[in-house]
Amino acid sequence: MRSKTKLTGRVIFKGDTGYEAARKNWDPHTDKFPKVFVFAQRTRDVANAIKWARENKVPIRPRSGRHSLEVNLSQVNGGIVIDVSDMKKIKLNKKCGTAVVQTGNRVGRIANTLARQGFIAPFGDSPSVGIGGITLGGGIGPLQRSIGLISDNLLELEMVDAKGRIIRANKKCNSDLLWASRGGGGGNFGVYTKYKFKVHRAPAKATVYRITWPWDQFEAVLKAWQKWAPFVNNKLGSELSIGPKKGGNVSMEGLFLGSKTEAIRLLKPVTSVGTPTSSIIRLLPYTEAVKFLLPPDPVLTQRYSNQFSSGFGRKPFPDKAIKSMRTFLENVEGGFAGFFFLNWGGAVSRKAPRSTAFYWRKAKFYVEWNSSWIKQSEAAKNIAIVRRTRRKLQPYIVGSYINVPDQGIKNSGPVYYGANYPRLRRIKAKYDPKNVFRNPQSITPARRATVK
């Protein structure tokens, strides 16, 4: 291909050594074959890749941590994948309480690096997720009730737009782009290269916990958890996981930014339910608490594929919803399948739904569910059971989390972004009017590029 612009960085074309390794995603069954991968070493490499793609009329996909739960959102046949995972600088300013991180960092690396220096960085439930993607979709996790979503802590960003221009956004400059980047999802406005976050002083110690119950007690535990979790002390984050009937159990884990004695007291409404088979409640140095919650997980070594869906609950699930959950859990087979709940409220709900692009502020809990499979011949039935369960749960949930995409959702914009979708479309029209950055569920530009 002839082009005015030369690709720079670590460039791997189809047929080159390393191409298959570059194709590997979190989901092992990726079936996309991009023309070229560019592993950017600096922002200029990203700009060159975008210009090259435009000159050669090649579709673009940005990629950070390779953790996209829908494989064709971060890869595309015959296209260019702009991968920022080699860009890993972290710069902490203790005096200002800020950290500048390049978007190739994974969440676990940032959380552990800052913890060693006495600071909290928000994180989700996996250390291998890229900070680039998790931030743009909102960024939920067990610390959100104390310090907000990951995106709530975003102060400034650097992004390369559709023309290859390097743009900075903060409250004073391109503030509309900052607003959109706090929950507007990845792959919509440009390729992000750098974030500046507000960080928080970490306590010397924190209490972590992990309690498990037999699977057949999930209904009692869930009912107790849903009454308790949204209203407990805001320093306590709680994740509840319910595995499949075949080989699964119930587990609750999280952390409390306080003493073990107080944590035991706060957890009592749930730990007193049923007959837990194991119970860990441990006061640890904050650095060790982070390691407990973010143990090294296999990066790109999964043998299984997944189908996810998600939503936000405004009140506890009634028996009819729990019955639909039970049907799913009794029929789904994958060892990594099940339901996952995260408590809401606190700092997340104190922000107005329109204050950032992340709209779903007024929920009581977040819920996601997924199937998993190894053989590709099992894909169709596993995808179907997740989407069927979504239809059954629809009366009891609102919205869906863009970082847990479900391509079965039609007209997905308002489902992911609520009433913020029209404004996001106007901002999209301003920064990417020709819809260069697109995927099957990306934001479409509004017809007029007026931004209010």
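**Exercise 1. The surface patch**

Is R388 buried, partly exposed or exposed? Determine the answer in this predicted model, and place R388 within its surface patch.

*Solution.*
Step 1. The relative accessible area of R388 is 39%. The buried class ends under 20% and the exposed class begins over 50%, so R388 is partly exposed.

Step 2. R388 belongs to a positive surface patch, together with K320, K323, R391 and K392. Membership requires over 30% relative accessible area and no salt bridge; the 39% of R388 satisfies the area condition.

Step 3. Assign the patch to secondary structure. R388 is located in helix α12. Helices α10 (319-331) and α12 (379-393) each contribute at least two residues to the patch, and α12 gives the largest share, with three residues.

**Exercise 2. Strand β2 and its partners**

Describe the side-chain directions in strand β2, and identify how β2 pairs with β1 and with β4.

*Solution.*
Step 1. Strand β2 covers residues 36-39. V36 and V38 point one way, while F37 and F39 point the other way. In a regular strand, side chains alternate between the two faces of the sheet.

Step 2. Consider burial: V36, F37, V38 and F39 are all buried.

Step 3. Take the pairing with strand β1 (residues 10-13). β1 and β2 are antiparallel and are joined over four bridges. In this pairing, V11 lies opposite V38.

Step 4. Take the pairing with strand β4 (residues 80-83). Four bridges connect β2 and β4, and the two strands run parallel. Here F39 is found opposite D83.

**Exercise 3. A salt bridge between distant parts of the chain**

Characterise the salt bridge between R210 and E253 by its distance, its place in the chain and the exposure of R210 and of E253.

*Solution.*
Step 1. Side chains of opposite charge can pair when their charged atoms come close. For R210 and E253 the N to O distance is 2.7 Å. The cut-off for a salt bridge is within 4 Å, so the pair qualifies.

Step 2. Locate the partners. R210 is in strand β12 (residues 205-214) and E253 is in strand β14 (residues 249-256); at 43 residues apart, the pair links distant parts of the chain.

Step 3. Classify the exposure. R210 has a relative accessible area of 25% and is partly exposed. E253 has 16%, and because buried means under 20%, E253 counts as buried.

**Exercise 4. Salt bridges within helices**

Compare the R265 and E262 pair with the R326 and E330 pair, then place them among the salt bridges of the whole structure.

*Solution.*
Step 1. R265 and E262 form a salt bridge whose closest N and O atoms are 2.7 Å apart. Both residues are in helix α8 (residues 260-271), three residues apart, which is about one turn of the helix.

Step 2. R265 is exposed at 53% relative accessibility, whereas E262 is partly exposed at 26%.

Step 3. For R326 and E330, the closest N and O atoms are 3.0 Å apart. These residues lie in helix α10 and are four residues apart, so about one helical turn separates R326 from E330.

Step 4. R326 is partly exposed, with 24% relative accessible area. E330 is partly exposed as well, with 39%.

Step 5. A search of the whole structure gives 17 salt bridges. E158, R168 and K194 are linked in a salt-bridge network.

Methods: Residues numbered from 1 in each chain as written. Predicted model: local features only at pLDDT ≥ 70, side-chain atom pairs only at ≥ 80, totals over all residues. Heavy atoms only, no water. Buried < 20%, exposed > 50% of the residue type's maximum accessible area, 1.4 Å probe, protein only. Pairing = 2+ DSSP bridges. Patch = residues over 30% accessible without salt bridge, like charges linked within 9 Å, V, L, I, M, F, W, Y side chains within 5 Å. Areas by Shrake-Rupley, 256 points an atom, 1.4 Å probe, with all protein chains shown as cover. Salt bridge = Lys/Arg side-chain N within 4 Å of Asp/Glu carboxyl O. Lys, Arg positive; Asp, Glu negative; His and termini not counted. Charge placed at Lys NZ, Arg CZ, Asp CG, Glu CD.
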